[in-house]
Amino acid sequence: MKAVGFTEFGGPEVLQVLELPTPEPGPGEVRIRVHAATVNAVDVLQRSEPARSPDAQPPFVPGMEAAGVVDRIGTGTDTDLSVGDRVMAIVLADGSHGAYAEQLVVPAESVVRAPHGASDVQAASLPMNGLTARLALDTLALEPGQTVAITGAAGAVGGYALQLAKAEGLRVVADTSEQDETLIKELGADVVLRRGAAYPERVRAEVPAGVDGLLDGASLGAPTARAVRDGGRVVTLRGYTGPGERDIAYEPIVVFRYAREHTKLDRLRKQVEDGLITLRVARTFPAEQAAEAHRLLAAGGIRGRLVLTF
């Protein structure tokens with residue numbers, strides 16, 4: 001099968017088309033004929049830094065979410081899916097197992113039907129970042145009527161979190177650049193404030209007692225504490241554990257925890273179908289142009305997802 005990956009770490013130029021053995025699904029697994037796979041920041045990190053698993057050997061294939069069609073189901077697998085169903089999946093990339101491939105085997109719990117009416121390209125943009133946003137809100141554990149602040153609200157995780165928070169009756173205070181203000185309002189933010197180092201002070205001007213929780217999608221770090229009430233909670237995406245002040249709890253999250261949360265992934269599908277979540281695609285690339293997609297992502301300023309097609 002065709003895949004896109006690398007045999008040595010480095011810049012986008014190390015990405016190449018590879019020919020790899022077609023994987024076979026075992027018990028509890030589903031094989032997908034991949035039509036679309038998204039390009040995420042974690043893919044860039046995996047490509048540019050040595051593998052964290054000491055047992056991983058080249059070639060390495062990145063990619064953490066994909067969409068396509070079920071083409072084989074492992075013997076004895078408990079699933080309501082059938083061969084030919086259009087699906088999307090979250091992928092835990094490891095070694096040569098990643099979403100940048102024509103054929104992909106995943107646990108049955110990691111794959112659900114694609115949202116009705118969404119293309120494969122659109123569906124591929126949901127699983128990883130949608131589940132990250134879901135995990136963030138579950139970790140904050142706020143009640144309807146409480147207030148959450150979101151940094152990086154125009155990004156993939158931030159945008160999904162904003163819409164999910166509104167669907168759960170939360171008041172959302174979101175950051176934005178001038179060019180993204182219309183987008184953030186369309187996503188449903190109650191209060192839209194200019195992003196940057198002064199964002200926490202702007203939040204306090206709007207919410208004098210401080211917000212109940214904050215999702216730090218922009219990785220502002222310690223300054224976020226200034227926006228949060230005593231005893232509030234902050235969710236971080238890159239392992240940051242906080243300055244330890246005023247009993248504010250900092251909660252680093254990793255989406256791996258939700259990789260087999262089938263019910264939560266399927267709920268995201270239904271929320272797309274109900275119009276509660278917007279799937280945003282910025283641009284598509286043939287898989288052979290993965291290096292260009294990586295360069296574009298690294299340059300920043302992308303609104304919506306970059307997607308490889310197979």
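Start by selecting Asp-247, which is exposed, with a relative accessible area of 71%. The model on screen is a predicted one. Asp-247 belongs to the loop between β12 and β13. Check its backbone: phi is near 60 degrees, a positive value in a residue other than glycine.

Now select Arg-246, which sits in the loop between β12 and β13. For Arg-246, phi is near 50 degrees, again positive in a residue that is not glycine. Arg-246 counts as partly exposed, at 30% relative accessibility.

**The sheet**

From that loop, move to the strands. Select β10, β9, β8, β11, β12 and β13, displayed as ribbons: in that order, these six strands make up an open sheet with parallel pairing. Which strands stand at the edges? They are β10 (191-194) and β13 (249-252); each has a single partner strand, so one side of each is left without a neighbour in the sheet. Looking along the sheet, neighbouring strands are turned against each other by 20 degrees on average, direction ignored.

Zoom in on the β10 edge. Strand β9, residues 171-176, runs parallel to β10 and is joined to it by four bridges. To locate the pairing, select Thr-176, which stands opposite Arg-194 in β10.

**Helices across the sheet**

Show helix α3, residues 127-140, next. Helix α3 lies across β8 (147-151), β11 (211-216), β12 (228-236) and β13. Its direction makes an angle of about 155 degrees with β12.

Then show helix α6, residues 199-206. Helix α6 lies across β8, β9, β10, β11 and β12, and runs at about 145 degrees to β10.

**Asp-175**

Return to strand β9 and select Asp-175, which is found there. What is the nearest side chain of opposite charge to Asp-175, and how far away is it? It is Arg-195, 6.1 Å away; Asp-175 is buried yet has no salt bridge. A salt bridge here requires a nitrogen of Lys or Arg within 4 Å of a carboxyl oxygen. Draw a distance instead from the side chain of Asp-175 to the backbone nitrogen of Ala-153, which it reaches at 3.0 Å.

To see the surroundings, display the residues in contact with Asp-175, leaving aside its neighbours within four places in sequence. They are Ile-150, Thr-151, Gly-152, Ala-153, Ile-184, Leu-193, Arg-195 and Tyr-199.

**Salt bridges**

How many salt bridges does a search of the whole structure find? The search finds 26. A few are worth selecting in turn.

Begin with Glu-24 and Arg-31, which form a salt bridge whose closest N and O atoms are 3.3 Å apart. Glu-24 counts as partly exposed, at 47% relative accessibility, whereas Arg-31 counts as buried, at 7%.

Go on to helix α7, residues 262-273, and select Asp-266 and Arg-269. Their side chains meet in a salt bridge at 2.7 Å, N to O. The two residues are three apart in the helix, and so are separated by about one helical turn. Both Asp-266 and Arg-269 are buried.

In helix α8, residues 290-299, select Arg-295 and Glu-292, which lie three residues apart, about one turn of the helix. Here too the side chains meet in a salt bridge, at 3.8 Å, N to O. Arg-295 is partly exposed, with a relative accessible area of 41%, and Glu-292 also counts as partly exposed, at 34% relative accessibility. Next, select Arg-134, Asp-138, Glu-168, Lys-264 and Arg-267 together: salt bridges that share partners join these residues into one network.

**The loop between α1 and β4**

The last stop is a loop with two prolines to select. Pro-50 is found in the loop between α1 (41-48) and β4 (65-73). Is Pro-50 buried or exposed? Pro-50 is exposed, with a relative accessible area of 61%. Add Glu-8 to the selection: Pro-50 and Glu-8 are 42 residues apart in sequence, and their C-alpha atoms are 8.6 Å apart in space.

Finish at Pro-59, which also has its place in the loop between α1 and β4. Inspect the peptide bond from Pro-58 to Pro-59: the bond is cis, with omega near 5 degrees.

Definitions and conventions:
Residues are numbered from 1 along each chain as its sequence is written. This is a predicted model: local features need pLDDT of at least 70, side-chain atom pairs count only at pLDDT 80 or more; totals for chains, interfaces and linings use all residues. Side-chain values use heavy atoms; hydrogens and water are left out. Two strands pair if DSSP finds at least two bridges between them. Axes are lines fitted to C-alpha atoms, for helices over the stretch in contact, and angles run from 0 to 180 degrees between N-to-C directions. Contact means heavy atoms within 4.5 Å. Buried means under 20% relative accessible area, exposed over 50%, partly exposed in between (1.4 Å probe, protein chains only). Lys and Arg count as positive and Asp and Glu as negative; His and the chain ends are not counted. A polar contact is a pair of N or O atoms within 3.5 Å; within protein, one must be able to donate a hydrogen and the other to accept it, and residues adjacent in sequence count only if both atoms are side-chain atoms.
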